[in-house]
Amino acid sequence: LADTWENTKYNTTEGNEFYVTTMKNANGAATDVAIAIYLYATSRQDTYLRLVHHSSNWDTIIPITAGGQNGLKVPAEYVYSDISKDITDNDLSMDKVLQVSVLQDECLHAYTCDSFGELDTTQKVSLYITNYYSQNGFEATNILPIDALEREYMVQTYFNDQGGTEFAIIATKDKQQFDIKARVGCDTDVDWYTISFTCDKGQTRLIRAANNECSLAGTIICSDTNFVVINGNQNVNLGHQSHIFEQSPSADKWGKEYIVTRTHGHTEDYVLLTAIEDFTTILENGVAVAQLMRGETYDCILSSEVAHYKANKKFICYLYETGDSYEEISEQGSPAMSVITPVEMGLNSIVIAEFNATADDLKLEPQQYEKYYKINDHFINIVVETRYKESMQIGNQKITGFKQVPGTNYSYVLHKIDTTNTSRVLKCTDPNGTFTARMYGYRYYETGTGTRKQKNFILL
């Protein structure tokens, strides 16, 4: 696929057809009342989104207003990869190395439609999903449309000893062939394992490291047709423990240059960079720090507010948001992961979404929900060429406070969102300007020793 990389044109999360799943949270089965799976959609136009679970009778249509968002809680058993009830593929699983599970029913098909439910390819939405387990974790990812999918991916997971690293695959056609070269890293030892299998359209496979102390980062997945990959950790310890996951961008969506901004209120986050080709030389703030071979990862601590990464070949960048204390709060919150968009893949505008679970969904009294569980503070980190920073707006509200990224022609801001602003259109009013962004939020909850701020993250 390397020959087609420079010709990549599809650089947006907006589309008209999606396949959706999540992976098992740190706690809870799909039937646990504390599990809450939400889907949110935003759109530039008035439109409808149809959600179908093909192996059951569940089928619903939701309206979306232009420049706004809508969402709903979906039955967890239709989209939650709960390994406790899935079928282990004994022919492919390897004792103490890999566990391969067949997830028969845990995939939703989503597409834009008219009011009668018929596919409408003229309309586009951005789609997001959350995997929420009561007070113990609230993680989210965008869902990429089928037009943004490809045939080759490289998995990114975080090395730790708290819970299994994992990734899920969704097939987009019947009898789809998959070939996986699994990179299993334990401490300093790395071994490669090859497995192949076929799936029918909408079928999901979940692959986990059987040893909690091993990582699957650098695993290569190929197929004869485009497909979906979700990757992350069932449980990870980054200052605090929680489930983390992101939909993986395909290899053709990787870039050669990234601007990474730290999470608001944090003292540090972690950055992981992975190479898709041999002899990839990584520069950090203009200084060469690593030369990576295919599948190898360079990790570092982001203690400053911003960092600039560049290489001679394409690579991928993930930010791992630590479960750090926030502002005056001494307790730590949940960690999360975000895939960072390369500056080459910037957008001119997008409709953003804000997430919140409800008191009813979490089985809480309204007062308890408002005081400890509702997400109160929403932030968006934006990177834009300096010459276009004066053109950045949410709705008609201008975004100010940009700072220069040292050694580059880019500026950045950690912007707190005004939730009273009814418009959710993030845009550069200059048609030539593009930006990348990362959105997240904080919520309170009470512990035995104080008050904690938790957070959720999405990719724009």
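1. Starting with the loops: Phe279 sits between β22 (269–275) and β23 (280–284), in the loop that links the two strands. This is a predicted model, and in it Phe279 has a phi near 60°, which is a positive value for a residue that isn't glycine. Its relative accessible area comes out at 47%, so Phe279 goes down as partly exposed.

2. Asn285 deserves a look alongside it. This one is in the loop between β23 and β24 (287–292). Again we have a non-glycine residue with positive phi, here about 55°. Asn285 is partly exposed, with a relative accessible area of 47%. If you're going through the backbone torsions, β23 is a handy landmark: the Phe279 loop leads up to β23 (280–284), and the Asn285 loop lies between β23 and β24.

3. On to the cysteines. How many disulfides does the model have? The count is 0, with a disulfide taken as two cysteine sulfur atoms within 2.5 Å. Cys317 is in no disulfide, and the nearest cysteine sulfur to it belongs to Cys300, 8.1 Å away. Is Cys317 buried or exposed? Cys317 is buried, at a relative accessible area of 0%. Cys113 also counts as buried, because its relative accessibility is 1% and the cut-off for buried is under 20%.

4. There's an open sheet of 4 strands to check too. Its order is β28-β34-β30-β31, and the pairing is antiparallel. β28 (349–351) and β31 (397–398) are the edge strands; each has a single partner, so one side of each has no neighbour in the sheet.

5. Zooming in on one edge of that sheet: β28 and β34 (residues 425–428) run antiparallel and are joined by 3 bridges. For a concrete register, look at Val351, which stands opposite Val425 in β34.

6. Finally, confidence. The protein chain averages a pLDDT of 82, and 80% of the residues score at least 70. Which stretches fall under 50? One of them is residues 1–9, where the model has 12 contacts beyond four places in sequence. Another is residues 448–460, also below 50, yet with 79 contacts in the model beyond near neighbours in sequence. Where pLDDT is low, the predicted coordinates shouldn't be read in detail. I'd keep that in mind when looking at the 79 contacts of residues 448–460.

Technical notes:
Residues numbered from 1 in each chain as written. Predicted model: local features only at pLDDT ≥ 70, side-chain atom pairs only at ≥ 80, totals over all residues. Heavy atoms only, no water. Buried < 20%, exposed > 50% of the residue type's maximum accessible area, 1.4 Å probe, protein only. Pairing = 2+ DSSP bridges. pLDDT = per-residue confidence, 0-100. Contact = heavy atoms within 4.5 Å.
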